[in-house]
Amino acid sequence: MATPAVRVFRRLEGLFCVYKPAGVPWKLVRDNIETKLLKGGDTISPKGVSAACVPVLSKHPLVTGPEFQHIRVGVGHRLDTFSSGVMVLAVGNGNKALNDLYNNKVTRDYTLEGEFGTATDDFSHTGRVVEQSTYDHITQDKMEKVLAMLQGANQKALLTYANVDMRSQEAYEMAVQGALGPEGKSPPILTGLRCIRFQPPHFTLEVQCLNETQKYLRKVVHEIGLELRSTAICKGVRRTRDGTFTLQDALIRHQWTPAEVTRAVRKYHAAKKNRLTIKQPPQSSVRPEATELS
């Protein structure tokens, strides 16, 4: 018979996401959550336990020690130290689903904060300044043209690595379902790129991408500056979506508790079940006609 602690950890198994703050390594976030889940697992009481029950002292955690010494918390698409936003994690058997998420062609959304007029050796505002330039000649119209050019080049790359005949029905259906993506390994690809704020020298980009790194995204900001005959640095990278996980789903630091993680995992399982139900074709209500026996 499963102990209360085992039942608690079974409810934790699945996927959930947290909000990783900028300036904090992803590993520190993962270790912090793992520690809280381990400490909380032996203190959470399952519903329905009567307050009048007398505990068996020989099985008390203070006598036997914690029931769990380790819990496997996996991390999906990681964020580097200077980036923030949605980071998906898994507990226990949820790590298999995490591997599936990692290998699937799911896109991720980011917002990038840029600033014209400076270039650094690592494309960020914390790097060593290597060049400064003017930016008064940059207009929003010129910015939009550069973004359209970059998006067109990335769209061609997506089709190249998709390994499917673009004139086929299969390609059309994949595009409609949003499943068109590179087969196997490919360089980073931007599937969407637009400017949502333009107040020179500051600007904000919204990006959808595949196979990216945060360093690559900072380089994109740098290259936009060069295309506009200026320079630019990236002052912030924030992931706002990873597959089906969004900022609205992300647990902030004070919510990194067994109870909140359990609720988030339960929400993930419910959403997954709904998606599977929607994908299943409806059963026909017409019964086949009975054939007459001769």
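These are my notebook entries on a predicted model of one protein.

**Entry 1. Overall counts**

I began with the whole chain. The protein has 294 residues, and 40% of them are buried. Its secondary structure comes to eight helices and 10 strands. I then looked up the exposed surface, which is about 17800 Å², with carbon and sulfur atoms supplying 54% of it. For contacts with a separation of 6 or more, I noted that 73% are between residues 24 or more positions apart.

**Entry 2. Strand E9 and its partners**

I picked strand E9, which covers residues 232-242. How many of its 11 residues are buried? I found nine, so I wrote the strand down as mostly covered, a residue being buried when its relative accessible area is under 20%.

Next I listed the strands that pair with E9. Strand E4, residues 108-116, runs antiparallel to E9, and nine bridges join the two. Within this pairing I looked up Glu 115, whose bridge partner in E9 is Ile 233. Strand E3, residues 84-91, pairs with E9 in the parallel sense over two bridges. Here I noted Gly 85, which stands opposite Arg 239 of E9.

The third partner I recorded is strand E10, residues 245-246, antiparallel to E9 and joined to it by two bridges. Asp 242 stands opposite Phe 245 in E10. E9 and E10 form a hairpin with two residues between the strands, and there Gly 243 takes a positive phi near 65 degrees.

**Entry 3. From E10 to helix H8**

I stayed with Phe 245 and searched for aromatic pairs. The whole structure has two. In one of them, the rings of Phe 245 and Tyr 268 have centres 6.1 Å apart and planes at 20 degrees, so I entered the pair as stacked. What does this pair tie together? Phe 245 lies in strand E10 and Tyr 268 in helix H8, residues 258-279, so the pair links parts that are 23 residues apart in sequence.

I checked the cover of both residues. Phe 245 is buried at 8% relative accessibility, and Tyr 268 is buried with a relative accessible area of 10%.

**Entry 4. The loop before E9**

I went back to the other end of E9, to the loop between helix H7 (214-227) and E9, where Ser 230 is placed. Is Ser 230 buried or exposed? I found 5% relative accessibility, so Ser 230 counts as buried. Its side chain makes a polar contact with the side chain of Ser 133 at 3.2 Å. The side chain of Ser 230 also reaches the backbone oxygen of Thr 134, at 2.8 Å. Leaving aside neighbours within four places in sequence, I listed the contacts of Ser 230; among them are Gly 117, Tyr 135, His 137, Ile 138 and Gly 225.

Arg 229 lies in the loop between H7 and E9 too. Arg 229 counts as exposed, because its relative accessibility is 75%. I also noted its phi, near 55 degrees, a positive value in a residue other than glycine.

**Entry 5. Around strand E8**

I looked for unusual backbone angles elsewhere. The peptide bond from Pro 200 to Pro 201 is cis, with omega near 10 degrees. Pro 201 is placed in the loop between strand E7 (189-199) and strand E8 (202-210). In the loop between E8 and H7 I found Asn 211. Its phi is near 60 degrees, again positive in a residue other than glycine. At 34% relative accessibility, Asn 211 counts as partly exposed.

**Entry 6. Leu 150 in helix H5**

I then turned to helix H5, residues 140-162, which holds Leu 150. Leu 150 is buried, with a relative accessible area of 16%. Which residues does Leu 150 contact, leaving aside neighbours within four places in sequence? I found Leu 193 and Ile 224. Leu 150 and Leu 193 are 43 residues apart in sequence, and I noted a C-alpha to C-alpha distance of 8.2 Å.

**Entry 7. Cysteines**

Last, I looked for disulfides and found zero. I checked two cysteines for cover. Cys 17 counts as buried at 1% relative accessibility. Cys 234 is buried as well, at 1% relative accessibility.

Methods: Residues are numbered from 1 along each chain as its sequence is written. This is a predicted model: local features need pLDDT of at least 70, side-chain atom pairs count only at pLDDT 80 or more; totals for chains, interfaces and linings use all residues. Side-chain values use heavy atoms; hydrogens and water are left out. Buried means under 20% relative accessible area, exposed over 50%, partly exposed in between (1.4 Å probe, protein chains only). Helices (H or I, at least four residues) and strands (E, at least two) are DSSP runs, numbered from the N terminus. Two strands pair if DSSP finds at least two bridges between them. A polar contact is a pair of N or O atoms within 3.5 Å; within protein, one must be able to donate a hydrogen and the other to accept it, and residues adjacent in sequence count only if both atoms are side-chain atoms. Contact means heavy atoms within 4.5 Å. Accessible areas come from the Shrake-Rupley method with a 1.4 Å probe; for residues, only the protein chains shown count as cover. Rings of Phe, Tyr and Trp (its six-membered ring) pair if their centres lie within 6.5 Å; planes under 30 degrees apart count as stacked, over 60 as edge-to-face and the rest as tilted. A disulfide is a pair of cysteine sulfur atoms within 2.5 Å.
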